[in-house]
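Me: Hey, got a minute to go through a structure with me? I'd like to start with the pockets and then jump around a bit.

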Amino acid sequence: MTVRDFSQDHAWLSINTATVRRQQGLEVPLDRIVDQCAERGIRAISPWRDQVAAVGIGRIARQLKAHGMQLSGYCRGGFYPATDAAGWQRALDDNRRAIDEAKTLDAPCLVLVVGSLPGAVEGQAAYTSLARARSEVHDGIAASLAYARSVGMPLAIEPLHPMQAAERSCINTLEQALDVCDALDPDQIGGLGVAVDTYHVWWDPKLQAQIGRAGQRRLLACHVSDWLTPTRDLLNDRGMVGDGVIEFKRIRAWMEAAGFAGFSEVEIFSQTWWQRAGGEVLDTCIARHRQVV
Ligand code: ZN
């Protein structure tokens with residue numbers, strides 16, 4: 001089993017559009033970002049719902065088709081835990097809309113950042129039971145999965161680094177994500193898997209074993225950005241691939257040995273890179289993809 005050679009071209013590079021959502025400090029509309037990627041022969045992107053909504057989903061769908069571009073994922077669903085029945089229903093309805101949008105854009109999967117303690121992102125957790133949050137996440141994914149299967153949209157659970165355990169995700173390791181997959185899809189019928197984001201899971205001593213456990217059917221996406229030393233901001237200080245300590249080639253070899261053959265999606269939330277020119281950021285992503293991914 002040989003690992004794909006990325007050094008000669010960038011056929012398997014995808015750009016998560018958050019990476020260039022701000023250019024030289026200014027918000028840039030998604031249709032412009034799509035053109036910038038197409039100009040560079042980038043074949044795939046992964047856009048965010050708010051970016052799509054701002055331009056209009058029909059327009060983005062037509063533009064992608066005109067460029068022959070595909071999605072490597074759609075960001076994102078999740079954030080299930082709520083404090084009351086109304087909040088719970090809002091979360092389920094919102095995830096249903098996200099699934100429909102992913103379908104309209106012909107995404108290979110909807111990425112789930114599952115949520116954790118409700119209100120914590122805004123600074124005040126409404127409750128502090130992680131067990132309750134995990135139970136609600138389990139039930140929420142189960143509800144979304146039934147609908148997602150009916151329309152044929154795979155759901156990819158993305159474990160987040162434990163530093164996000166209060167605010168954004170009570171699923172923090174690949175093992176935990178796969179336990180949920182096994183609980184909700186015991187017979188591996190499909191339609192449920194994981195998004196492996198190197199930034200969130202690179203440190204995990206069980207990473208190789210859990211990638212092997214996931215196997216081809218459950219490895220739905222691969223995100224890359226680097227872990228900087230020191231990390232100055234918990235959310236928006238991700239490093240350009242190659243500027244930090246993550247062994248991308250090693251992790252990709254594990255992914256490919258397990259059967260993954262999809263895009264390597266560069267996803268960088270960075271106050272530093274958002275200050276640079278968009279073309280410079282994309283050209284750097286292409287160069288680093290060839291050199292270090
Ligand atoms: Zn990610």
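**Pockets, cavity and metal site**

Reply: Sure. Sorted by class, the 22 residues lining the largest pocket come out as 12 nonpolar, 3 polar and 7 charged. Keep in mind that this is a predicted model.

Me: What's the volume of that largest pocket?

Reply: About 360 Å³. The lining residues closest to its centre are W48, R76, R168, L235 and F269.

Me: And which elements supply at least two residues each to the lining of the largest pocket?

Reply: Two strands and a helix: strand 6 (74-78), strand 7 (110-113) and helix 7 (198-201).

Me: OK, next one down. How much space lies in the second largest pocket?

Reply: About 240 Å³. The second largest pocket is lined by 16 residues, and P108, L220, F260, G262 and F263 are the closest to its centre.

Me: Which elements give two or more residues to that lining?

Reply: Strand 5 (70-71) and strand 10 (219-224). Strand 10 gives the most, with 5 residues.

Me: How do the residues of that second lining divide by class?

Reply: Into 10 nonpolar, 5 polar and 1 charged.

Me: Switching to closed space: how many cavities of 30 Å³ or more does the structure hold?

Reply: Just 1. The largest cavity has a volume of about 70 Å³.

Me: Which residues line the largest cavity?

Reply: Here's the set: R4, T198, C222, V224, F248, I251, R252, M255, F260, F263, S264 and V293. By class they divide into 8 nonpolar, 2 polar and 2 charged.

Me: F260 and F263 came up before, right after P108 and L220. Where does the largest share of the cavity lining come from?

Reply: From helix 9, with 4 residues. Helix 9 (248-257) and strand 10 each supply at least two residues of the cavity lining. Strand 10 is also the element that gives the most to the lining of the second largest pocket.

Me: Now the metal. What coordinates the zinc ion?

Reply: E158 (OE), D197 (OD), H223 (ND1) and E267 (OE), at 2.0 to 2.3 Å. Along the chain the donors follow the spacing E-x38-D-x25-H-x43-E.

Me: Which parts of the chain does the pair E158 and E267 tie together?

Reply: E158 lies in the loop between strand 8 (155-157) and helix 6 (174-184), while E267 lies in the loop between strand 11 (264-266) and helix 10 (278-292), so the pair ties together parts that are 109 residues apart in sequence.

Me: Why is the arrangement around the zinc ion irregular?

Reply: Because the 4 donor atoms subtend angles of 84 to 148°. To count as tetrahedral, four donors need all angles between 85 and 135 degrees. For reference, the ideal angle for four tetrahedral donors is 109.5 degrees.

Me: E158 and E267, buried or exposed?

Reply: E158 counts as buried because its relative accessibility is 4%. E267 also counts as buried, at 3%. The cut-off for buried is under 20%.

Me: Last one, N172. Where does N172 lie?

Reply: In the loop between strand 8 and helix 6. That's the loop that holds E158. N172 is buried, with a relative accessible area of 7%.

Me: And what lies 3.0 Å from a polar atom of the N172 side chain?

Reply: The backbone oxygen of L160.

Definitions and conventions: Residues numbered from 1 in each chain as written. Predicted model: local features only at pLDDT ≥ 70, side-chain atom pairs only at ≥ 80, totals over all residues. Heavy atoms only, no water. Donors = N, O, S within 2.8 Å, 3.2 Å for Na, K, Ca; no water. Tetrahedral: all angles 85-135°; square planar, octahedral: opposite > 155°, others 65-115°. Buried < 20%, exposed > 50% of the residue type's maximum accessible area, 1.4 Å probe, protein only. 1 Å grid on protein atoms, 1.4 Å probe; cavity = no way out; pocket = protein on both sides within 12 Å on 5 of 7 lines; lining within 4 Å. Points joined across faces, edges and corners; volume = space filled by probe spheres on them. Nonpolar A, V, L, I, M, F, W, Y, C, P; charged D, E, K, R; others polar. Polar contact = N/O pair within 3.5 Å; in protein donor to acceptor, adjacent residues only side chain to side chain.
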